[in-house]
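Please walk me through this protein chain. I would like to know what lies inside it and how its rings are arranged.

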Amino acid sequence: MACLHDHSCEDHDCSSSWSLYKHIDLPKVSALNEAVHGSAKSVFKAWEQRLDINGEHLESNEGDPELLVYIPFTSDVKIKSIAIVGGAHGTSPSKMRAFINRDAMDFSDAQSMQAIQEWDLVENLQGVLEYQTRYAKFQGVASITLHFPDSFAGDISRIHYIGFKGEATQLKRDFVANIVYEIRPNPSDHKTSAEMDNISRVE
């Protein structure tokens, strides 16, 4: 389901304050079938820069429009919507499928597995469309993998921007793990009553 906004994004939940861009673990973003290795990282940028299409972009190999993009986050997030700005002249992806918390997927996995949600896309060259998620299913997202099986023209796929709106936990995942470790009881910190009696007698 697409949501067309005709209001000022500064006054509603599509504002940059809802953007999850700063929570993307950008160095670990990757894509399969990208024509230029590492170019997938270039499509993740601030909301205000979504229409900057003059720089780098993600493009599939010629003759094969299928793309699979893996996006990990630095903290668990809740995703409310996804925005895609594709290329002109039929190079925009025509369909998007999402998989949650699945690492190291390949095209065979994407084609055989049930996506958590699928969308039929439209050409969104003005960056005004957002695709709403089934929010209850997009909680506790450590990573999301987006599968773009085809483009409108069917030759190549080109993407200039991918954006996520939602909420993020304030604690980074490794920090949370440290907290769990620290709150585990240490037997040496909890002496038995008999041990305390012995300490008292010694004193």
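Phe164 is buried, because its relative accessible area is 2%, and buried means under 20%. The model you are looking at is predicted. Find Phe164 in strand β9. Then look at what surrounds it. Phe164 touches residues from distant stretches of the sequence, including Trp18, Phe44, Phe73, Ser81 and Ile144.

Phe164 also belongs to the largest nonpolar core, which has 32 residues. Ile144 and Phe164 have the most contacts inside this core. Which elements give two or more residues to it? They are β4 (67-86), β5 (95-100), β7 (129-132), β8 (141-148) and β9 (158-168). Strand β4 gives the most, with 8 residues. Another core lies apart from this one. That second core has 6 residues, among them Phe99, Met105, Phe107 and Ala110.

Now turn to the rings. The whole structure holds 4 aromatic pairs. A pair of aromatic rings is described by the distance of the centres and the angle of the planes. Take Phe44 and Phe164. Their ring centres are 6.4 Å apart and their planes stand at 10 degrees, so the pair is stacked. Phe44 sits in the loop between β2 (30-32) and β3 (58-59), while Phe164 is in strand β9, so the pair ties together parts 120 residues apart in sequence. Phe44 is buried, with a relative accessible area of 3%. Phe44, Phe73 and Phe164 form one aromatic cluster.

Next, take Trp47 and Tyr161. Their ring centres are 6.5 Å apart and their planes stand at 70 degrees, so this pair is edge-to-face. Trp47 lies in the loop between β2 and β3, and Tyr161 lies in strand β9, so the pair ties together parts 114 residues apart in sequence. Are these two residues buried or exposed? Both Trp47 and Tyr161 are buried. Charges also sit at the Trp47 ring. The charged end of Arg50 is over the ring, 3.9 Å from its centre. Lys165 lies over the face of Trp47, 3.3 Å from the ring centre.

A polar residue can be found inside too. Glu130 lies in strand β7. Glu130 is buried, with a relative accessible area of 3%. Its side chain makes a polar contact of 2.7 Å with the side chain of Ser81.

Finally, step back to the whole chain. It has 3 helices and 9 strands. Along the sequence they follow the pattern β-β-β-β-β-α-β-β-β-β-α-α. Of its 203 residues, 42% count as buried. The chain exposes about 11,300 Å², and carbon and sulfur atoms supply 51% of that area.

Methods: Residues are numbered from 1 along each chain as its sequence is written. This is a predicted model: local features need pLDDT of at least 70, side-chain atom pairs count only at pLDDT 80 or more; totals for chains, interfaces and linings use all residues. Side-chain values use heavy atoms; hydrogens and water are left out. A nonpolar core is a set of buried Ala, Val, Leu, Ile, Met, Phe, Trp, Tyr and Cys residues joined through side-chain atoms within 4.5 Å. Buried means under 20% relative accessible area, exposed over 50%, partly exposed in between (1.4 Å probe, protein chains only). Helices (H or I, at least four residues) and strands (E, at least two) are DSSP runs, numbered from the N terminus. Contact means heavy atoms within 4.5 Å. Accessible areas come from the Shrake-Rupley method with a 1.4 Å probe; for residues, only the protein chains shown count as cover. A polar contact is a pair of N or O atoms within 3.5 Å; within protein, one must be able to donate a hydrogen and the other to accept it, and residues adjacent in sequence count only if both atoms are side-chain atoms. Rings of Phe, Tyr and Trp (its six-membered ring) pair if their centres lie within 6.5 Å; planes under 30 degrees apart count as stacked, over 60 as edge-to-face and the rest as tilted. A charge sits over a ring if NZ of Lys or CZ of Arg is within 6 Å of the ring centre and within 35 degrees of the ring normal. Lists of a residue's contacts leave out its neighbours within four places in sequence.
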